[in-house]
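Trainee: Before we begin, could you show me the chain, and then let me ask how each label is justified?
Mentor: Gladly; look at the picture first, and then we can set the labels against their cut-offs.

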Amino acid sequence: MSWGFENDPELQEELDWVEEFVRDEIEPVDQVIEHAWNPRDPVRNALIKPLQQRVRERKLWAAHLGPELGGPGYGQLRLALLNEKLGRTHSGPVVFGCQAPDSGNAEILAHYGTDHLKKTYLEPLIEGEIVSCFSMTEPHGGSDPTGFRTTAVLDGDEWVINGEKWFSSHALWAEFLIVMAVTEPDAPAHKSMSMFVVPADTPGIERVRDVSVWGHDEPVGSHNHLRYTDVRIPAENLLGERGQAFAVAQTRLGGGRIHHAMRTVGLVQSAFEMMTRRAVSRTTKGSRLADKQLVQEMIADSWIQIEQFRLLVLRTAWRIDRYNDYRRVRADISAVKAAMPKVLLDVAGRAIQIHGSLGISKELPFGKWVMESFHMGLADGATEVHKVNLAQFLLRGTEPDDGLFPPYILPTRRAEAQARFAEILSAAADDGDDPA
Ligand SMILES: Cc1cc2nc3c(=O)[nH]c(=O)nc-3n(C[C@H](O)[C@H](O)[C@H](O)COP(=O)(O)OP(=O)(O)OC[C@H]3O[C@@H](n4cnc5c(N)ncnc54)[C@H](O)[C@@H]3O)c2cc1C
């Protein structure tokens, strides 16, 4: 039987190295660069590229990928433990070559790209030389992809794309975009769309607005509103079969969601660490914050929430490794995805409260993390949609009960038990040994 909550010594050694590397090398870089994803920023390149090289030498580069794609084939459980360490930083995932959305886009290209697309985009993407964009959500609604209006029409040996996309994160830096468009308007909604690789310099792509979000200080918004007007791409840039966009999207979304959750564990752990340090350091009315019971409650509630969430994430990662089939763990991933924003909101909120005015100031990151919790409640699908998916899965296969009252009410169960044990009960009663 294999069951345990301890790392084997080799893994622990790697994780200890990562922890030290993150604290000593990556956290300081976070303080001076604007956006770790921007490959055109010379300061970012000067600071991040040498760190990436050290990660490669340590054989921890692109740990989400299997050996066939140049990764160490870590598996999701080990990746979860690694990502926890990276999650406390902004640049960590980029330094380790496992950042969203590029990690998911690489998985799509690896599964569905032609040799030419792999050579042109997958290889430099995995090497960290370029970044990419996943362009799916549309301005009139993201939660219901069946309502998307962007179209792609085959014209000779080219697809012609027309439409608008919204929140296409990192489009301003991307070398290519993965775009979802209606190709089979007469098919049922879930079979009507296809997925394409669109080179970012293709004529007809217009950046309508560079949208920025609360919580991210960036000089130019990195969630871009794009308009595609007669954008022509080669026929071979279709990913997977015509009409299979939903299946292709799942290749990236399942992994992407759980990877965000792994990193969020690290984020809330670091909020917790600061919260406890402040509680034992600050004194008011003659005693430490740590000695006030209402503060103790905040500490206890935070720890419980973090550990519950962490266990759910690790269990889900374990199930992905075990079954190697994202469809089989979709409900688990939805549960993790729905739990994630609340844990971050609650823990970051308590960290603000315990730090008082300092906590709400821009001298600590908690306010940013509160906003981050709302990003997490939307990106890769709204919390409500994931809860609905989870509930539908959990309810599937449960049969309705006949009758006015369910058969599990206590009077019914007691009557059944009395009938089953009637002989013993009546013998005991005859002996005058009344069990009641
Ligand atoms: C930081 C960030 C980065 C993102 N990056 C990308 C990206 O790179 N590429 C991309 O394509 N998209 C991206 N998105 C968009 C994201 O996928 C959408 O925000 C998400 O799918 C929700 O769509 P929407 O914003 O249009 O909200 P809407 O669909 O308008 O939904 C609004 C609200 O309605 C409610 N709601 C919706 N559906 C249901 C339902 N079935 N049941 C109950 N309530 C419901 C929920 O409360 C939901 O939050 C990003 C979003 C964020 C916040």
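**Labels and their reasons**

Trainee: Why is Leu289 called buried?
Mentor: In this predicted model, Leu289 has 22 other C-beta atoms within 10 Å, and a residue counts as buried if 20 or more lie within that distance, so Leu289 earns the label.

Trainee: Where does Leu289 lie, and which residues is Leu289 in contact with, leaving aside its neighbours within four places in sequence?
Mentor: Leu289 sits in the loop between β10 (287–288) and α8 (293–323). Once the neighbours within four places in sequence are left aside, its contacts are Arg278, Ala279, Arg282, Thr284, Val295 and Ile354. Glu206, by contrast, is 83 residues away along the chain, and 54 Å separate its C-alpha atom from that of Leu289.

Trainee: What makes Arg396 buried or exposed?
Mentor: The count for Arg396 is 8 other C-beta atoms within 10 Å, and the label exposed applies at 12 or fewer, so Arg396 is exposed. Arg396 also belongs to a loop, the one between α11 (383–395) and α12 (410–420). Its C-alpha atom is 38 Å from that of Val153, with their positions 243 residues apart along the chain.

Trainee: How many of the residues of the protein count as buried?
Mentor: Of its 436 residues, 40% count as buried. The protein has 13 helices and ten strands, and its C-alpha trace spans about 95 × 65 × 40 Å along the principal axes.

Trainee: How do you know what span to expect for helix α7?
Mentor: The expected span is 1.5 Å times one less than the number of residues. Helix α7 (residues 245–281) has 37 residues and should therefore span 54 Å, and since its end C-alpha atoms are 54 Å apart, the two values agree. Helix α7 nevertheless bends by about 30 degrees at Thr251.

Trainee: What does the comparison give for helix α1?
Mentor: Helix α1 (residues 9–30), with 22 residues, reaches 30 Å from its first C-alpha to its last, which is close to the 32 Å expected. Helix α1 also has a kink of about 40 degrees, centred on Val22. Val22 is among the buried residues of α1, together with Glu14, Val18, Phe21, Ile26 and Val29, and these buried residues pack against α2 (42–57), α3 and α4 (92–95).

Trainee: Which domains does the domain assignment give?
Mentor: The assignment gives domain 1 (9–99), domain 2 (132–239) and domain 3 (251–395). UniProt, in an unreviewed entry, lists residues 246–394 as "domain: Acyl-CoA dehydrogenase/oxidase C-terminal". That span is 81% helix and 3% strand, and its end C-alpha atoms lie 22 Å apart.

Trainee: How do you know that domain 1 and domain 3 are in contact?
Mentor: Two residues are in contact if their C-beta atoms lie within 7 Å, and 13 residues of domain 1 are in contact with 17 residues of domain 3. On the side of domain 1 that touches domain 3, helix α3 (residues 76–86) gives the most, with eight residues. The residues of that side divide into five nonpolar, five polar and three charged. The centres of the two domains, taken over C-alpha atoms, are separated by 21 Å.

Trainee: What share of the contacts between residues at least 6 apart in sequence joins residues at least 24 apart?
Mentor: In this protein the share is 72%.

Methods
Residues numbered from 1 in each chain as written. Predicted model: local features only at pLDDT ≥ 70, side-chain atom pairs only at ≥ 80, totals over all residues. Helix = DSSP H or I, 4+ residues; strand = E, 2+ residues; numbered from the N terminus. Bend = angle between axes of the 7 residues up to and from the residue. UniProt positions renumbered as here; feature names shortened; annotations may be inferred. Domains from an automatic or database assignment. Nonpolar A, V, L, I, M, F, W, Y, C, P; charged D, E, K, R; others polar.
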